[in-house]
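Visitor: I'd like a quick tour of this one before I set anything up. Mind if I fire off some questions?

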Amino acid sequence: MADAVSWKIGEGVMVVTIDNPPVNALDHAVRQGLLAALEAARPPEVRAIVITGAGPVFSIGEEITKAATADQVPSLGEVLDRIETCGKQVVAALNGQALGGGLELALACHTRIALAEARIGFPEVKLGLLPGAGGTQRTPRLCGAAEALKLMLDGAPIDAVTAMAMGLLDGVVEEDLLDRAVILAGMLIGEGKPPRPTRDRREGFRDPQTYAAAIAAARAVERDDRLPAPERIIACVEAAILLPFEAGIAYERAAAEDLQTSDAAAGLRHAALAEARAARIPEAGATPRPVGHAGVIGGGLMGAGIAVALLGAGLRVTLVEADEAALARGLSRIDDLHERAVARGKLSEESREGEWARLAGATAIEALRAADIAIEAVPEDEALKAGVFRDLDRVLRPGAILATNTSYLDVDDLARVTSRPADVVGLHFFSPVQAMPLIEVVVGAQTAPDVVATGFELARQLRKFAVRAGVCDGFIGNRILTAYRSAADFMLEDGATPAAIDRVMRDFGFPLGPYQVADMAGLDISWARRQRLAESRDPAARYVAIGDRLCEAGRFGRKTGAGYYRYGEGSRMGAEDPAVIRIIEAERAAKGIVARSFGYDEIRDRCLYAMVNEGAKILSEGIALRPSDIDLVMLMGNGYPRLRGGPMKTADVIGLLPIRNKLRDWATQEPFWTPAPLLDEMIKEGRHFDDMNAD
Ligand code: NAI
C-alpha cells in the first residue's frame, strides 16, 4: 500500500501529497505522515512546502464512519501548530473539497490556492461539534467574525471564489493547480520574506466594533438551546479577538472536548451514521434498471409532488389523471410547485421551462407504454389501486417497474393482481414531497433485487434518503406513528388534553405535537381509514373515538378552521377549544372513565416507549433491517428531533430495562403496552439496539 503521505523535492520546493482514499481523512497515519514530511523538509535545500491531496478531494478531516483516532498523538492541532511555525513558506493547494479538519489544515498553511471547483466549509456544527484544531481561532483572523461565524454556524460549504472574496483563499485557478502552487512557492522563496503564520494575521480584527457586533448578532439569533455547539462556536470566535492565540487555542480545545461528550453530539453522530448505513441493503449488489421516463398516476397532493421531484432529477414524466378536469388540476398543482420553487430561488426560469418541456399529461394509461417506471398515487383505496395495477400490468413494457405510494396497503396484495410481482415495489414518499428527504422502499415477498436497487438509485437521483422496509400495515414510519398516536389517545381519554400532550412532545424536540400534526394533515383521512378498517378491528382492543366525534362535528383540522384546536385566520398553532374538551369529557363519561391527571414525564415516557416497543416489534418481524433505519425514518419523515438520534437511540440512552419494566407495569392495565419479546431477549443478553446496527 502506498504511504498515506508522500513527498517529492524539486528546485527547493517539497510537494507533500496526502493520499488516503476516498476522502484523504486526517487519521493517525496521515498526521504522522505530515510530521514526517516536515522532518524531511528540515534540510536547508528545502525552501518551501506545497501540501495537496491526491484524487478529487483535498481532505475532509476525520471520517465519522471510521473509528475515531482524534485523541491519538499527534493530535491534528499539534500537527497544524508545527506546520504553521515550521519557518518555511507552506502553500496549500486545494485540489477539491476542504472540509472540517481539511480546511483547518489549509488555514494553518501560509498561503492557499484552490481549483475553482473546490469547496470549503466547516460541517462540524451538524454533528454538534466545532472545528477543534484551531479553526475557530485562525478563520476569524483572516475574514472577521461575521463570515467566520456564518461558515461555522451554517455548516454549509462555500465555493472557492466566495472563499477568496472573504480572504480565506489567496488564489483560485481553473487548471494546473499543482504547477501554479509550485511556481507560487518559488516566487515566495524569491521574495525572501519569512512566512506569515495565520496566528499573526489581523485582517479580520481590523474593526473590533464590527467584530463585536457580529458576535452580538449571532448570539441574538434564536436557537434550540439543547444544541450547545453554536453557543460554544460563538464564544470561541469571541475569544479569538480577546485572547492571545495560544490561550484561544486552549479555550477552543476545552470547548471541543465538552461538545465531544455532549448528548446532542451523540445523537447527531448517530443520525449521521444512520444515514450512511441505510444504503447497506441485501440488494446493494444488484444493478439498477435504467430509468429515464416515469409515469405518475394521480396528480393530487402526492402525485404532483412526486412528478416535480422526478422532473427536477432530469426524468421525463407523464402524469395520468382520471379525466380532463382532474388532469388540468394536477398540471396546475405542478405549475404552482414550480412557481414556489422559482420564488424561493430554488429553480431558475430556464430550468423550469426545461422541466415543463419534459412533462406530458394524459387521461389514458396507454400513455405509459414506453415508461420505465410507473408510480401510482391515487387515493388510498385498495380496489382502486388494484384496478390501476391491473391496467399497468396490461400496458407497461416488460421490465418496467410498477410502484405504489400507498401509506398502509399491502404491497404483496397489489403485486398479486399483476402477472409480474417481481417488478412491483412500494415507494412511499412523505408529504410535502419537496421538503421531505425520505422514501421508504417497500420490498414485497417477490420484489426482484434489481427493482429494490432501482428504488434506492432513484431516491439518490431525487437527492433523498431511502430506507428499506418490509410489508406490514404502515411500513416503518406510519406504523410507529400509529403506536405513538394510540399512546396519546389513551392518555387523552384517561384525562390529558391535546395541548398538554403536544407541549410535552414539542419540548422533547418535535416541531409539532401529535394533535397539531393531525390537524395539519386533516382528520378526515384517518377517519375514512378507521371506517374502512372498522369491520376487521379487534373488538377486544381499546378504541378511542374522540377523533371520530370531532369529524362528525365537521372538525377536519386546520383546513376547516377547527380540529383538536380552533384556528383563527392564518393561525398555524391553533388555540385550545372548550368545545373539544367537552367532546373528550363526553367520550369519557360514555365509557365510565374517571379522568386522572398525567404528569409531564409520564406523558413523554408513554409516547416514547410506545414508539420503542413498536420499533422492537418491527425489528423482530424483519420489517426494518436495523434499529438505525427506524431512527432515520422517524428523523427524516416524522419530525423526531435529530439531536436525539431517533427513538431506538433514545431507548439505548434511557436503558432497555427501565423501559421494559414500565411497559410491563402499564400492560397490567392495558394489553397495548405488553413489551415486545425482543426487549426481554435483549435485556437478558445485555445488548443495546446499537449493537444490532453493527455492520
Ligand atoms: P389526493 O386525493 O390528493 O390525490 C389523488 C389523485 O388521484 C386525485 O388527483 C385524483 O383525481 C386521482 N385519481 C383518482 N383516481 C384515479 C385514476 N383511476 N387514475 C388516475 N388518477 C386518479 O391523494 P394524496 O394525498 O395525493 O394521496 C395519494 C396516495 O399517496 C395515497 O395512497 C396516500 O395514502 C398516499 N400518501 C399520502 C400522503 C399524504 O400525506 N397525503 C403521504 C404519503 C403517501
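What follows is a short chat about the ligand site, the domains and some backbone oddities.

Visitor: Before the details, what kind of model is this, and how is the chain divided?
Guide: It's a predicted model, so keep that in mind throughout. As for the split, the chain is divided into domain 1 (5–261), domain 2 (293–476) and domain 3 (478–622 + 625–692).

Visitor: How many residues surround the ligand?
Guide: The closest are Met-302, Glu-321, Glu-380, Lys-385 and Ser-407. By type, the shell divides into 8 polar, 3 charged and 11 nonpolar residues. The full set around the ligand comes to 22 residues.

Visitor: Which helices and strand each supply at least two residues of the shell around the ligand?
Guide: Two helices and a strand fit that bill. They are helix H11 (301–312), helix H14 (382–395) and strand E16 (424–429).

Visitor: How far is an oxygen atom of the ligand from an N or O atom in the side chain of Glu-380?
Guide: Let's set it beside some other polar contacts. A backbone N or O atom of Gly-300 sits 3.4 Å from a ligand oxygen, and for a polar side-chain atom of Lys-385 the distance is 2.6 Å. For the Glu-380 side chain, the value is 2.5 Å.

Visitor: And what share of the ligand's area does the protein bury?
Guide: Start from the ligand taken alone, which exposes 840 Å². Of that, the protein buries 73%.

Visitor: On to the domains: what area is buried between domain 2 and domain 3?
Guide: The centres of domain 2 and domain 3, taken over C-alpha atoms, are 29 Å apart. In the contact itself, 17 residues of domain 2 meet 15 residues of domain 3. Carbon and sulfur atoms give 63% of the buried area, which totals about 1500 Å².

Visitor: Which three residues supply the most of what domain 2 buries against domain 3?
Guide: The top trio accounts for 38% of the area on the domain 2 side, more than any other three residues. Those are Tyr-408, Arg-468 and Ile-476.

Visitor: What's omega for the cis peptide bond between Pro-21 and Pro-22?
Guide: Pro-22 lies in the loop between strand E2 (13–18) and helix H1 (28–40). There's also a cis bond joining Val-73 and Pro-74, with omega about -5°. For Pro-21 and Pro-22, omega is about 5°.

Visitor: Which loop holds Asp-176?
Guide: Asp-176 has phi near 50°, a positive value in a residue other than glycine. Its loop is the one between strand E10 (171–173) and helix H6 (177–191).

Definitions and conventions
Residues are numbered from 1 along each chain as its sequence is written. This is a predicted model: local features need pLDDT of at least 70, side-chain atom pairs count only at pLDDT 80 or more; totals for chains, interfaces and linings use all residues. Side-chain values use heavy atoms; hydrogens and water are left out. A residue is near a molecule or strand if one of its heavy atoms lies within 4 Å of it. A polar contact is a pair of N or O atoms within 3.5 Å; within protein, one must be able to donate a hydrogen and the other to accept it, and residues adjacent in sequence count only if both atoms are side-chain atoms. Accessible areas come from the Shrake-Rupley method with a 1.4 Å probe; for residues, only the protein chains shown count as cover. Helices (H or I, at least four residues) and strands (E, at least two) are DSSP runs, numbered from the N terminus. Ala, Val, Leu, Ile, Met, Phe, Trp, Tyr, Cys and Pro count as nonpolar, Asp, Glu, Lys and Arg as charged, and the others, Gly among them, as polar. Domain bounds come from an automatic or database domain assignment. Contact means heavy atoms within 4.5 Å. Buried area is the accessible area (1.4 Å probe) that two parts lose on being put together, summed over both.
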